[in-house]
Amino acid sequence: MEFGWELGRQPVEGSGEIAVSQNVSPVRTTDLKAMKARGEKIAMLTAYDALMARLLDRAGVDVLLVGDSVGMVLLGYETTIPVTLEDMIRHTQAVVRGVRRALVVADMPFLTCHTSLDDAVRSAGRLVQQGGAHAVKVEGGGSVVPVVRRLVDAGIPVMGHLGLTPQRVHQLGGFRTQARSAEEAEALMTDAAALERAGVFALVLEAIPSGLARRVTQTAGVPTIGIGAGPHCDGQVLVTHDALGLTDGAPSFVKHYARLADAMVEAVTGYVSDVKAGAFPSATRSRGDAREEES
Ligand code: KIV
């Protein structure tokens with residue numbers, strides 16, 4: 001059954017928004033498989049708050065990932081490891097509030113999959129039940145297969161994540177390309193197949209050679225979403241703040257679709273100099289005066 005969303009707005013002419021009809025069908029996990037089957041690429045981006053989620057959703061992004069990259073992008077951590085389940089729930093709630101169409105996937109943060117299967121179900125359950133996520137993402141290969149199976153059994157859709165898995169940054173020796181050797185490539189192929197059998201509905205492939213990403217994509221029955229994995233995946237994901245030029249030191253594979261940091265610094269520099277010069281606010285912009293005039 002299709003549930004339409006009654007939208008209280010029309011597309012803004014010339015704004016670059018996708019043509020939004022009155023009824024928008026939310027993207028579901030099952031839609032992604034259909035998109036792979038018909039060769040339609042999947043556009044995924046990260047989001048951590050309602051404002052950004054609303055804008056990305058309006059622009060037609062299919063999947064919003066509440067990534068634990070929130071720790072590095074917004075919270076100022078060096079890695080994703082300090083991010084807690086409470087952080088993820090709070091940010092997921094915010095993103096869900098901003099979304100009408102996109103599928104919202106929330107990252108299972110560090111260690112939430114590794115203490116016990118029951119703990120994993122409880123943590124994923126909170127992301128779905130309290131956070132409002134439509135699915136969770138789990139980093140790792142063979143070792144997380146039992147977790148994936150258990151979550152899927154519990155009715156929680158799971159996205160897998162292979163290649164560079166940032167929660168293992170200390171084990172991997174840094175944020176670097178993975179599966180370069182033939183042996184590692186075969187291990188990744190085996191992991192991808194095992195995750196698919198366990199029931200993932202899609203697989204993120206991060207920082208692996210593009211030839212290997214193509215092999216996984218051709219072999220897997222579920223969609224692959226690449227990041228730093230070349231053009232052959234069924235979809236692509238980027239950290240939004242990297243793509244919009246808000247962060248320093250984005251990885252070299254990132255295309256900058258805007259330079260918002262520069263635009264923001266320029267705008268705020270203008271504000272600071274106006275305030276210092278007494279040029280803002282002008283008399284007509286003073287609310288107090290306006291109220292006095294009204295009364
Ligand atoms: O946390 C994140 O943003 C991610 C993406 C980079 C895939 O896992």
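**Figure 1. Eight strands form a closed barrel in this predicted model.** The strands run in the order S3-S4-S5-S6-S7-S8-S9-S10, with parallel pairing. Neighbouring strands of this sheet are turned against each other by 25 degrees on average, direction ignored.

**Figure 2. Strand S3 connects to strand S4 through a helix.** S3 covers residues 42-46. S3 and S4 run parallel and are joined by three bridges. One pair to find is Met-44 and its bridge partner in S4, Val-63. Between the two strands, the chain passes through helix H2, residues 50-58. This β-α-β crossover is right-handed.

**Figure 3. Strand S4 is covered on both faces.** S4 spans residues 63-66. In a regular strand, side chains alternate between the two faces of the sheet. Here, Val-63 and Leu-65 lie on one side. Leu-64 and Val-66 lie on the other. These four residues are all buried. S4 also pairs with strand S5, residues 103-107, in the parallel sense. Four bridges link S4 and S5. Val-66 has Ala-106 as its bridge partner in S5.

**Figure 4. The largest nonpolar core holds 72 residues.** Nonpolar side chains tend to be buried together in soluble globular proteins. Leu-64, Val-104 and Val-136 have the most contacts inside this core. Helix H4 gives the most to the core, with five residues. Which residues touch Val-104, leaving aside its neighbours within four places in sequence? They are Leu-64, Val-66, Thr-92, Val-95, Val-96, Val-99, Ala-133 and His-134.

**Figure 5. Helix H4 has the end-to-end span expected of it.** H4 runs from residue 85 to 98. At 1.5 Å a residue, its 14 residues should span 20 Å. The end C-alpha atoms are 20 Å apart, so the two values agree. The buried residues of H4 are Leu-85, Met-88, Ile-89, His-91, Thr-92, Val-95, Val-96 and Gly-98. What covers them includes strands S4 and S5. Helices H2, H3 (70-73) and H5 (117-129) are also part of that cover.

**Figure 6. Helix H8 packs on the sheet beside strands S7 and S8.** Strand S6 covers residues 135-139, and strand S7 covers residues 158-163. S6 and S7 pair in the parallel sense over four bridges. In S7, His-161 is the bridge partner of Glu-139. H8, residues 182-198, touches S7 and S8 (202-206). The direction of H8 makes about 175 degrees with that of S7.

Conventions. Residues are numbered from 1 along each chain as its sequence is written. This is a predicted model: local features need pLDDT of at least 70, side-chain atom pairs count only at pLDDT 80 or more; totals for chains, interfaces and linings use all residues. A nonpolar core is a set of buried Ala, Val, Leu, Ile, Met, Phe, Trp, Tyr and Cys residues joined through C-beta atoms within 7 Å. A residue is buried if 20 or more other C-beta atoms lie within 10 Å of its own, exposed if 12 or fewer, and partly exposed in between; C-beta atoms are placed from the backbone. Two residues are in contact if their C-beta atoms, placed from the backbone, lie within 7 Å. Two strands pair if DSSP finds at least two bridges between them. A crossover is right-handed if, with the strands pointing away from the viewer, the path from the first strand over the helix to the second runs clockwise. The expected span of a helix is 1.5 Å times one less than its number of residues. Axes are lines fitted to C-alpha atoms, for helices over the stretch in contact, and angles run from 0 to 180 degrees between N-to-C directions.
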